[in-house]
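Me: I am new to this structure and would like a careful, close look at one part of it. Please start with the charged pairs, and then follow the chain outward from there.

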Amino acid sequence: MITVFHAPRTRSLRVLWMLEEMGLPYEVRPVDFPCHRADAEFMRLNPAGSIPLLTDGDVAISESIAIIEYLIGRHGPTPLAPQPSDASYPSYLQYLHLGEASLAGPMTVVAYSWFMGPEDQRENPGVEAARTIFRSRLKAVQTRLEDQAYMAGSAFTAADISVAYALGLGQGLKAVETYAPVIQDYLTRCRSRPAFQRASAK
């Protein structure tokens, strides 16, 4: 049985969404985010302490994008990931990683300041720098969506799970108030998928 160590409002939403899209059975093991380093089982399996963590038999793997790639490789094939020979594969790969490295990554600074830092330091130069980086990367998403319905082309893929999660995170952490219509329409389209709705309910 696949188990996801999950905390609300974290990148584990990506993993639950991917599992729901693939129709794979799994169970959720809650993690108390503020106290996660005191969770002995979680830390034994994942010394880095990052959320999410997925276990699958003897496998324990963290990092949300690595988990997505693991699920594709071990439990695919799936239309959520084009084959390397497919013309859409380079775009798929680029945006799968852009969603974390370029968009969600900088938001970690904001989230830490907001939820873990002193109350009087929640807004600081590092937070605003992170938001500026996030906003500067949105042009790549907007330009892509002016020509294609999804990040890899005409079909929804795991790259959209990566990017849509990051867009929601950026909006929640006030990097932007509203997105350009083409981005907002895309985010609404992704979030309307039944698999996203089921993952969110978890």
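Reply: The structure holds ten salt bridges, a salt bridge being a side-chain nitrogen of Lys or Arg within 4 Å of a carboxyl oxygen of Asp or Glu. The model is predicted, so that local features need pLDDT of at least 70 and side-chain atom pairs count only at pLDDT 80 or more, while totals for chains, interfaces and linings use all residues. Residues are numbered from 1 along each chain as its sequence is written, and side-chain values use heavy atoms, with hydrogens and water left out.

One of these pairs is R14 with E100, whose closest N and O atoms are 2.6 Å apart. R14 belongs to helix α1 (residues 12–22) and E100 to helix α4 (residues 89–115), so the pair ties together parts that are 86 residues apart in sequence; helices here are DSSP runs of H or I with at least four residues, strands are runs of E with at least two, and both are numbered from the N terminus. Despite its charge, R14 counts as buried because its relative accessibility is 0%, where buried means under 20% relative accessible area, exposed over 50%, and partly exposed in between (1.4 Å probe, protein chains only).

Helix α1 takes part in another such link, since the side chains of E21 and R193 meet in a salt bridge at 2.7 Å, N to O. This pair, too, links distant parts of the chain, with E21 in helix α1 and R193 in the loop between α7 (181–191) and α8 (194–201), 172 residues apart. Unlike the buried R14, R193 is partly exposed, because its relative accessibility is 24%.

A third pair lies within one helix: R131 and E128 form a salt bridge of 3.5 Å, N to O, and because they are three residues apart in helix α5 (residues 125–145), about one helical turn separates them. The two partners are covered to unlike degrees, R131 being buried at 4% relative accessibility and E128 partly exposed at 34%. Salt bridges that share partners join this pair with E123 and R135 into one network. Helix α5 also holds T132, which is partly exposed at 41% relative accessibility and whose C-alpha is 7.4 Å from that of A175, although 43 residues separate the two in sequence.

Going back to helix α1, the strands on its path come next. Strand β1 (residues 2–6) runs parallel to β2 and is joined to it by five bridges, two strands being paired if DSSP finds at least two bridges between them. The chain crosses from β1 through helix α1 to β2 in a right-handed β-α-β crossover, meaning that, with the strands pointing away from the viewer, the path from the first strand over the helix to the second runs clockwise. Across from β1, F5 stands opposite R29 in β2, and H6 stands opposite P30. Strand β1 also pairs with strand β3 (residues 53–56), this time antiparallel and through four bridges, and there L53 is the bridge partner of F5. In a regular strand the side chains alternate between the two faces of the sheet. Both faces of β1 are covered, with I2, V4 and H6 buried on one side and T3 and F5 buried on the other.

Some backbone details lie in the loops around these elements. Between β1 and α1 sits R9, which has a positive phi of about 60° although it is not a glycine and which is exposed, with a relative accessible area of 74%. A positive phi, near 75°, is also found in E63, which lies in the loop between β4 (59–62) and α3. The loop between α2 and β3 contains P52, joined to I51 by a cis peptide bond with omega of about 15°. Another cis peptide bond runs from G76 to P77, with omega near 5°, and P77 lies in the loop between α3 (64–75) and α4.
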